[in-house]
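Reader: I am a first-year student, and I should be grateful for a close look at a single part of this structure. Please take me through the place where the metal ions are held, and then set that place within the rest of the chain.

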Amino acid sequence: MSWSKQRIKLKTPEQIEKMAASAETLVAVFRAVGDLVAAGKTTEELAAAVEAMIRDAGCIPSFKGYNGFPAAACISVNEEVVHGIPSARKLQEGDIVGIDIGLIKDGWHADSAETFAVGEISPEAKQLLRVTRECLELAIAAVQAGRRLSVIGTAVEEHAMGHGFSVVEKLVGHGIGRDLHEDPQVPNYRCFSSPDPVMEMGLVIAIEPMVNQGTKRVVTAEDRWTVVTADKSLSAHFEHTVAVTADSVQVLTRR
Ligand code: MG
Ligand code: MG
């Protein structure tokens, strides 16, 4: 993990206000796309709807064209962890589908993800979704100015492992602002390696636990984007953009 204190770009309250405006638009996109998730829909249709909503709001999709990624949303089904490329694949009853969206408004990024159930899903899948969502909430609850960043990974790992799940270590959360990915990296696992920055007022990060039913190991598919669990077990992903303010923590992408 590379990090230097100088490279963390703390935001002013005015800049956080701007990021909150980006996040507000992203929340509206998520509300709408959540209603579109259904058996028979293709992941490509969902991504096209996302892109249209982002552009109609006068914003720019953060992901489209990012290192060549071809769509406005990453859509990852079942054993796909993150970075799924939208395709003609039709969602089926019982699938879980992770939708990850970023947008730029007025030069500022917001980034969020949610894993949705397609119709009725298995009790095991429900449990995975519930626990992963709780991991994100526990991580957010651990954020506080003056604490070290590693409280996030510790909170996620304890909760996930306590339920017999594993936490993906290969991919991490990140600082966010004028760039989609800024310092610091935000691991979702217990990580004692230094540096372990102290969180300060003005820090804005995307916290994004990825939790697997089976092994924590992941592999990248032949499309060179889609990250898949090595044992093909289910994976869930939830993400919020979170700002540390003077006396509190603002979850900018809260729906
Ligand atoms: Mg994201
Ligand atoms: Mg992110």
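Author: What follows describes the metal site first and then the chain around it. The model is predicted, and the description should be read with that in mind.

Let us begin with the magnesium ion (ligand 1). Its protein donors are two OD atoms of Asp100, an OD atom of Asp111 and an OE atom of Glu239, and they lie 2.0 to 2.7 Å from the ion. Along the chain, these donors follow the spacing D-x10-D-x127-E. The pair formed by Asp111 and Glu239 links distant parts of the chain, since these residues are 128 residues apart. Asp111 belongs to strand β5 (residues 108–117), whereas Glu239 sits in the loop between β13 (235–237) and β14 (240–244). Are Asp111 and Glu239 buried or exposed? Both Asp111 and Glu239 are buried.

The magnesium ion (ligand 2) can be read in a similar manner. Its protein donors are Asp111 (OD), His174 (NE2), Glu208 (OE) and Glu239 (OE), at 2.1 to 2.3 Å from the ion. In sequence, the donor residues of this magnesium ion (ligand 2) have the spacing D-x62-H-x33-E-x30-E. His174 lies in strand β7 (residues 173–175) and Glu208 in the loop between β9 (204–207) and β10 (210–212), so this pair ties together parts of the chain that are 34 residues apart in sequence. His174 is buried, and Glu208 is buried as well.

How far apart are the magnesium ion (ligand 1) and the magnesium ion (ligand 2)? The distance between them is 3.1 Å, and Asp111 coordinates both. Asp111 thus appears among the donors of ligand 1 and among the donors of ligand 2. Glu239 is likewise listed for ligand 1 and for ligand 2.

We may now turn to the chain that holds this site. It contains 4 helices and 15 strands. Its radius of gyration is 17 Å, close to the 18 Å that the globule rule gives for 255 residues, so the chain is as compact as a globular protein of that length. The C-alpha trace spans about 45 × 45 × 30 Å along its principal axes. Of the 255 residues, 54% count as buried. The chain exposes about 11000 Å², and carbon and sulfur atoms supply 50% of that area.

The link between Asp111 and Glu239 joins parts of the chain 128 residues apart. For the chain as a whole, consider the contacts between residues at least 6 apart in sequence: 69% of these join residues at least 24 apart. A further example of distant parts brought together is given by Glu17 and Leu252, which are 235 residues apart in sequence and 9.3 Å apart in space, C-alpha to C-alpha. Glu17 is found in helix α1, and with a relative accessibility of 53% this residue counts as exposed.

Helix α2 shows how one element is set against others. This helix covers residues 43–56, has 14 residues and reaches 20 Å from its first C-alpha to its last, close to the 20 Å expected at 1.5 Å a residue. Its buried residues are Thr43, Leu46, Ala47, Val50, Glu51 and Ile54. They cover an arc of only 135 degrees around the axis, which puts them on the same side of α2. What covers these buried residues includes α1 (13–36), β1 (60–61), β2 (73–77) and β4 (96–105). After α2 comes Gly58, whose phi is positive, near 80 degrees.

Some details of the backbone complete the picture. Asn78, in the loop between β2 and β3 (80–82), has a phi near 55 degrees, a positive value in a residue other than glycine. Asn78 is buried, with a relative accessible area of 13%. Asp106 also has a positive phi, of about 55 degrees, although it is not a glycine. Asp106 is placed in the loop between β4 and β5, and at a relative accessible area of 57% Asp106 is exposed. Finally, the peptide bond from Asp183 to Pro184 is cis, with omega near 0 degrees, and Pro184 is found in strand β8 (residues 182–186).

Methods. Residues numbered from 1 in each chain as written. Chains lettered and ligands numbered in written order. Predicted model: local features only at pLDDT ≥ 70, side-chain atom pairs only at ≥ 80, totals over all residues. Heavy atoms only, no water. Helix = DSSP H or I, 4+ residues; strand = E, 2+ residues; numbered from the N terminus. Expected span 1.5 Å × (residues − 1). Buried < 20%, exposed > 50% of the residue type's maximum accessible area, 1.4 Å probe, protein only. Arc of directions from axis to C-beta. Contact = heavy atoms within 4.5 Å. Rg over C-alpha atoms; globule rule 2.2 N^0.38 Å. Areas by Shrake-Rupley, 256 points an atom, 1.4 Å probe, with all protein chains shown as cover. Donors = N, O, S within 2.8 Å, 3.2 Å for Na, K, Ca; no water.
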